[in-house]
Amino acid sequence: MPVTPAPRQLSQDQRDETPIERLDRNTIELLNELRVAGTGIQIMFAFLLVAPFNARFTHISEFARVDYFITLVCVAVSAVLLMAPSIHHRILFRRGEKPYLVWMANRLAIVAMVFLTIGFTGIMVLLSDVVLGGPAPLIIGLLSAAVITGLWFALPLIKRARGRVGPG
């Protein structure tokens, strides 16, 4: 089994790219990330839009209805936030605003993922309430929120605070 060397830390200066090339690369990377998130949001939003038309939906609890609506709003807000950079780009196209576009799209994407975290958690709470009832929605909701928050936010923020690249 080959031994993989430990990754070394790379600085921005080690890339052979101009500031414009860096912006172009950042834009492409951001667009690829938004495509992944967009697909997940489309699936979630579709589920949420058809759920009320299910005959069984009329028999859910008041708690489940409130959870459903909050979840629907959070997923919708997330979708709007993730779509915003494309309209910003269209309006500011060829105006030399790429640094602003990358900066704003980054922030909008992070906020969108916060709303998506709430949306994912809400769906898990709703499903566990309908399927299992009892304390399951609370337990599943807390576990879902913890796992998503940990994977999406805590791990990269911890890595960022440590300032190291690679394992450890």
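Helices in this presentation (H or I, at least four residues) and strands (E, at least two) are DSSP runs, numbered from the N terminus. With that convention, G133 comes just after helix 3 and takes a positive phi of about 70 degrees.

Before I continue, a word on the source. This is a predicted model, in which local features need pLDDT of at least 70 and side-chain atom pairs count only at pLDDT 80 or more, while totals for chains, interfaces and linings use all residues. Residues are numbered from 1 along each chain as its sequence is written, and side-chain values use heavy atoms, with hydrogens and water left out.

Let me begin with the overall architecture. The protein chain has 4 helices and 0 strands, and its elements run α-α-α-α from the N terminus on. Of its 168 residues, 30% count as buried; buried means under 20% relative accessible area, exposed over 50%, and partly exposed in between (1.4 Å probe, protein chains only). The chain exposes about 11600 Å², and carbon and sulfur atoms supply 69% of that area, as computed by the Shrake-Rupley method with a 1.4 Å probe. Among contacts with a separation of 6 or more, residues 24 or more positions apart account for 69%, a contact being heavy atoms within 4.5 Å.

I turn next to helix 2, residues 62–92. Its 31 residues should span 45 Å at 1.5 Å a residue, and the end C-alpha atoms are indeed 45 Å apart, which agrees; the expected span is 1.5 Å times one less than the number of residues. Helix 2 nevertheless bends by about 30 degrees at M83, and a proline, P85, follows within four residues. The bend is the angle between axes fitted to the seven residues ending at a position and the seven starting there.

What follows just after helix 2? There R94 takes a positive phi of about 60 degrees, although R94 is not a glycine. Most residues other than glycine have a negative phi. R94 sits in the loop between helix 2 and helix 3 (98–131), and it counts as exposed because its relative accessibility is 76%.

Helix 3 is my next subject. For its 34 residues, the expected span at 1.5 Å a residue is 50 Å; the end C-alpha atoms are 48 Å apart, which agrees. Three residues of this helix deserve comment.

W103 lies in helix 3 and is partly exposed, with a relative accessible area of 42%. Its C-alpha atom is separated by 9.7 Å from that of N26, a residue 77 residues apart from W103 along the chain.

D129 also belongs to helix 3. Is D129 buried or exposed? D129 is buried, yet has no salt bridge; the nearest side chain of opposite charge, R56, is 9.5 Å away. For this purpose Lys and Arg count as positive and Asp and Glu as negative, with His and the chain ends not counted. Leaving aside neighbours within four places in sequence, D129 is in contact with S61, F63, A64 and P137.

V130 is likewise found in helix 3, and at 29% relative accessibility it counts as partly exposed. V130 and S61 are 69 residues apart in sequence, but 8.5 Å apart in space, C-alpha to C-alpha. Apart from neighbours within four places in sequence, V130 contacts R56 and I60.

Finally, the charged pairs. A salt bridge here is a side-chain nitrogen of Lys or Arg within 4 Å of a carboxyl oxygen of Asp or Glu, and by this rule the count comes to 4.

E17 forms a salt bridge with R22, the closest N and O atoms being 3.4 Å apart, and another with R25, where the corresponding distance is 2.7 Å. E17 is buried, with a relative accessible area of 18%. R25 counts as buried at 17% relative accessibility, whereas R22, at 23%, counts as partly exposed.

The side chains of D24 and K98 also meet in a salt bridge, at 2.5 Å, N to O. D24 lies in helix 1 (residues 19–50) and K98 in helix 3, so the pair ties together parts that are 74 residues apart in sequence. D24 is partly exposed at 31% relative accessibility, and K98 is partly exposed with a relative accessible area of 30%. Separately, salt bridges that share partners join E17, R22, R25 and E29 into one network.
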